[in-house]
Amino acid sequence: MEYIDLRKLKSGELKQVRRQVVRLKQMGKAGKEIEELTGVRQSRASEIWTAYKREGDKALEPKKHGFQKGTHLLLTPEEQAEIRETIVTRRPEEFGIPGSLWTLKKVCAYVWKRYYPRTRI
């Protein structure tokens, strides 16, 4: 039997497979039958069913993974605004950074110099 790797499915496909597992379970199908019909391992089908019983249709929706936006920022919004203002109104050479135009590398050098003076890269 070839099993489906649920991690590789797109969100719509994943939701459809989960819905199919729930529908088969509601029809009274056993774990082995669901495995044969869907290609989802019995243990995973059981997890889907348990989550569905606990959360309802919400459990069929794929969860978002990774960092939430804004949770791993090192600088405060005020510091970020100050950096933007500096880049717009001043030149790198005013801060001892060679050149007259801002580049990503120069902005990084400015940020490290301004906010992390004791830290070495």
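Helix 4 and helix 5 are oblique to each other in this predicted model. Their packing angle is about 130°, and angles of that value fall outside the ranges counted as roughly parallel, perpendicular or antiparallel. The two axes lie 12 Å apart. Helix 4 spans residues 77-89, and helix 5 spans residues 104-115. The crossing of helix 4 past helix 5 is right-handed. On the helix 4 side, the contact involves Glu79, Glu82, Ile83, Thr86 and Ile87. Their partners in helix 5 are Val107, Tyr110, Val111, Arg114 and Tyr115.

Gly99 sits in the loop that runs between helix 4 and helix 5. With a relative accessible area of 29%, Gly99 counts as partly exposed, because that class covers values between the 20% limit for buried and the 50% limit for exposed. Beyond residues up to four places away in sequence, Gly99 touches Pro92, Glu93 and Lys106. Lys106 belongs to the stretch assigned to helix 5, residues 104-115.

The protein is divided into two domains. Domain 1 covers residues 11-60. Domain 2 covers residues 77-116. Their C-alpha centres are 53 Å apart. A single residue pair gives another view of the spacing. Lys25 and Ala109 are 84 residues apart along the chain, and their C-alpha atoms are separated by 59 Å.

A second helix pair was examined in domain 1. Helix 1 (11-26) and helix 3 (42-55) pack at an angle of about 80°, with axes 9 Å apart. Helix 1 is therefore roughly perpendicular to helix 3. Helix 1 contributes Arg18, Val21, Val22, Lys25 and Gln26 to this contact. Helix 3 contributes Arg44, Ala45, Ile48, Trp49 and Tyr52.

Lys25, a residue of helix 1, is partly exposed, at a relative accessible area of 31%. When neighbours within four places in sequence are left aside, Lys25 is in contact with Ile34 and Trp49. Trp49 is one of the helix 3 residues in the contact with helix 1. Ile34 is one of the buried residues of helix 2.

Helix 2 comprises residues 31-38, and its buried residues are Ile34, Glu35 and Thr38. These three cover an arc of only 100° around the axis, so they fall on the same side of helix 2. Glu36 and Leu37 are exposed on the other side. The cover over the buried residues of helix 2 includes helix 1 and helix 3. Just after helix 2, Gly39 adopts a positive phi of about 85°.

Glu35 was considered individually. This residue of helix 2 has a relative accessible area of 6% and is buried, because the limit for that class is under 20%. Its contacts, not counting residues up to four places away in sequence, are with Met1, Tyr3, Val40, Arg41 and Gln42. Of these, Gln42 falls in helix 3 (42-55).

Notes: Residues numbered from 1 in each chain as written. Predicted model: local features only at pLDDT ≥ 70, side-chain atom pairs only at ≥ 80, totals over all residues. Heavy atoms only, no water. Domains from an automatic or database assignment. Buried < 20%, exposed > 50% of the residue type's maximum accessible area, 1.4 Å probe, protein only. Helix = DSSP H or I, 4+ residues; strand = E, 2+ residues; numbered from the N terminus. Arc of directions from axis to C-beta. Contact = heavy atoms within 4.5 Å. Axes fitted to C-alpha atoms, helices over the stretch in contact; angles between N-to-C directions. Parallel < 35°, antiparallel > 145°, perpendicular 65-115°, else oblique. Left-handed = near helix turned anticlockwise from the far one by under 90°.
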